[in-house]
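Let's take a walk through this model, one piece at a time. Keep the viewer open and follow along.

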Amino acid sequence: MSADLTELYQQVILDHNRRPRNRGKLPTANRVAHGDNPTCGDQCSVYLRMDGDRIAEISFDGSGCAISQASASLMTTQVKGKTAPEVQALYKNFHDIVTTGHAPEEISDLAAFAGVHSFPARIKCATLGWHAAIEAMKSDPMPTTTTESHVD
Amino acid sequence: MLDLQKIRADFPILHQQVHGKPLVYLDNGATSQKPRAVIDALVHYYERDNSNVHRGLHALSMRATDAYEGARTRIAKFIHAADPAEIIFTRGTTESINLVARSWGHAHLQPGDIVLTTEIEHHSNLVPWQQAARASGATLQYVPVLGADGEGGLDLAALDRLLTPQVKLFAFTHISNTLGTVNPAAEFCRRARAVGAVTVIDAAQSIGHAPFDVQALGADFVAFSGHKMCGPTGIGVLYGRRALLDKLAPDETGGGMVSQVTYEDARWKPAPERFEAGTPNIADAIALGVACDYLDALGRDQIAAHDAVLAQLAMEKLSTLPGIRIIGPRAGAERSGLVSFSFAEVHAHDIVTFADEDGLALRGGHHCNQPLMRKLGLTGTTRASFYLYNTEEEIDLLVASLRRTVKFFGVT
């Protein structure tokens, strides 16, 4: 297997693909956005519970290649607790990483996606979840339809 | 038997390396490669004969016109049409189907009418009918596909129930680009005719792969593309039975398709000019005629036999891979020269990326069959599609590449 390919499919990515974090619908969500790549059929919905201007909870749902699923999974772990400008700044770093292959030293986990830059067709896979998250933050609050349920 | 060595020598593009490996081109369902003769025809036309057709009296225009109309006659012969005027040049299958959906649909469809198609259509033979039904108030219905993997083909009992006198048009694919199912097109046309429905065959996947006779099929309209049958992109054909074309209004209007124009009105030329407004795609039409010569010199029955051998061999060898789900007809059943498959734990795009590293060109995704994918509970498949230059060794390379990939992703 080529060096480019092992660089693309790093252990971190394979792990997030196999065991995605924060996957599924978020019952308490008050924001949602859906992203898709019509050409590949990849889909990603991001659910947020905003507490003031910060992301209190986040989850994602969808289907797609290992790169898109792992990226969405990793994204959810990175943006929790952040404001919209902070998420935008983080996305800019991520976008630089996947398009140039260079990761700033302080960015650790996201650097796993540096290998994407050798595969330009896959950049949109890596950014799909991020776009959905940013759209969700911008979207109008949705009426919460969940009723208070008894939790032990 | 096809002489593969000789055929491969005819296709310059095949002789290259991709990521340091010899190219194994298995994406023929998307587009085929072009033989030297077709490429040369394009170069020759632009270097020697390029001119506008039909209206010129100079030597080049006459040469271009003769070659362009010669291609029409050649293609009529290729599909055994009764009359070259039944061959309308379009950009491809999609434009051909849209032409029927808009022109025929606008003139004939009314509220209460039914347009019948099938659950296995490519978007190009589905969305235009959704639009035509919406515009006219007609209803769109689908012949269901049978089996959890679509292996049972179209439900012929349901077809009989669905084909009522309300059905004004039945549009179906000859060969499914995803399942590899070969529909009994002549039988479908016969049943449709019995209720007075007009038939539209999407022949994109079949036209360059087997003998094709529009009269024997009994088809009213047939749509296909040049680029999947060794011809150039940007050229395709709508075949229409003369009696239908003569009554059909044009979809696009402008130069070349009119006989008389006043400030108040215009009168149309007969088919095929009526449906070819503006300067046509002359060079690619001519080269498509050359592609017909190329395929017929080899024999389309021979190509069909070669496809069938490769498809069965691929079925046999792919089925040894752990976790593979092959969709479409089961091993041993009739199948066109393509195989689509999926692995629960590895997405098609990851498979295709790994295969690319091994020099293999595959296609992964929904193959413009989103509703079918949803029905089969799939987000996409990987497809290997074969043609006249593919070899048995290439199937071994495919299977070896897939085996490495699924192992990498931990599928055992």
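Start at L338(B), which stands opposite S385(B) in β19(B). This is a predicted model, so the usual caution with coordinates is yours to apply. The pair belongs to a stretch where strand β16 (residues 338-343) of chain B and strand β19 (residues 381-385) of chain B run antiparallel, joined by 4 bridges. Zoom out a little and you'll see an open sheet of 4 strands, ordered β15-β16-β19-β18 (chain B), with antiparallel pairing. At its edges sit β15 (324-327) and β18 (363-365) of chain B, each of which pairs on one side only. From one strand to the next, the twist averages 30°. Helix α12 (residues 348-357) of chain B packs on this sheet and touches β16, β18 and β19 of chain B. The direction of α12 makes about 160° with that of β18(B).

Now for the other sheet. Here 7 strands of chain B form an open sheet in the order β4-β12-β11-β10-β9-β5-β6, and the pairing is mixed. Why is one side of β4 (87-90) and of β6 (139-143) of chain B left without a neighbour in the sheet? Both stand at the edges with a single partner strand each, so there is nothing in the sheet on the other side. The twist averages 20° from one strand to the next. For a parallel pairing, look at strand β5 (residues 114-118) of chain B, which 3 bridges join to β9(B); there, L116(B) stands opposite F170(B).

Helices pack on this sheet too. Helix α4 (residues 93-108) of chain B lies across β4, β9, β10, β11 (221-225) and β12 (236-240) of chain B, and runs at about 35° to β12(B). α7(B) also packs on the sheet, touching β9 and β10 of chain B, with its direction at about 160° to that of β10(B).

It's worth pausing on α7(B). Which residues of this helix (residues 185-194) are buried? They are A185(B), F188(B), C189(B) and A192(B). These residues cover an arc of only 100° around the axis, so they end up on the same side of α7(B). What they pack against is β9 (167-173), β10 (198-202) and α8 (214-217) of chain B. After α7(B) comes G196(B), with a positive phi near 80°.

Further along, a hairpin of 4 residues joins β13(B) to β14(B). The two strands, β13 (residues 258-261) and β14 (residues 266-268) of chain B, run antiparallel and are joined by 3 bridges, with V261(B) and A266(B) as bridge partners. In the loop between α9 (242-247) and β13 of chain B you'll find E252(B). That residue counts as partly exposed because 14 other C-beta atoms lie within 10 Å. The C-alpha atoms of E252(B) and Q302(B) are 39 Å apart, with the two positions 50 residues apart along the chain.

Stepping back, chain B is divided into domain 1 (40-296) and domain 2 (300-408). Taken over C-alpha atoms, their centres are 28 Å apart. The contact involves 21 residues from domain 1 of chain B and 27 residues from domain 2 of chain B. On the domain 1 side, the residues divide into 7 nonpolar, 10 polar and 4 charged.

Finally, turn to the contact between chains, where 10 residues of chain A meet 11 residues of chain B. The chain A side is made up of 6 nonpolar and 4 polar residues, with no charged ones.

Key
Residues are numbered from 1 along each chain as its sequence is written. Chains are lettered from A and ligands numbered from 1 in the order in which they are written. This is a predicted model: local features need pLDDT of at least 70, side-chain atom pairs count only at pLDDT 80 or more; totals for chains, interfaces and linings use all residues. Two residues are in contact if their C-beta atoms, placed from the backbone, lie within 7 Å. Ala, Val, Leu, Ile, Met, Phe, Trp, Tyr, Cys and Pro count as nonpolar, Asp, Glu, Lys and Arg as charged, and the others, Gly among them, as polar. A residue is buried if 20 or more other C-beta atoms lie within 10 Å of its own, exposed if 12 or fewer, and partly exposed in between; C-beta atoms are placed from the backbone. The arc is that of the directions from the helix axis to the C-beta atoms. Two strands pair if DSSP finds at least two bridges between them. Axes are lines fitted to C-alpha atoms, for helices over the stretch in contact, and angles run from 0 to 180 degrees between N-to-C directions. Domain bounds come from an automatic or database domain assignment.
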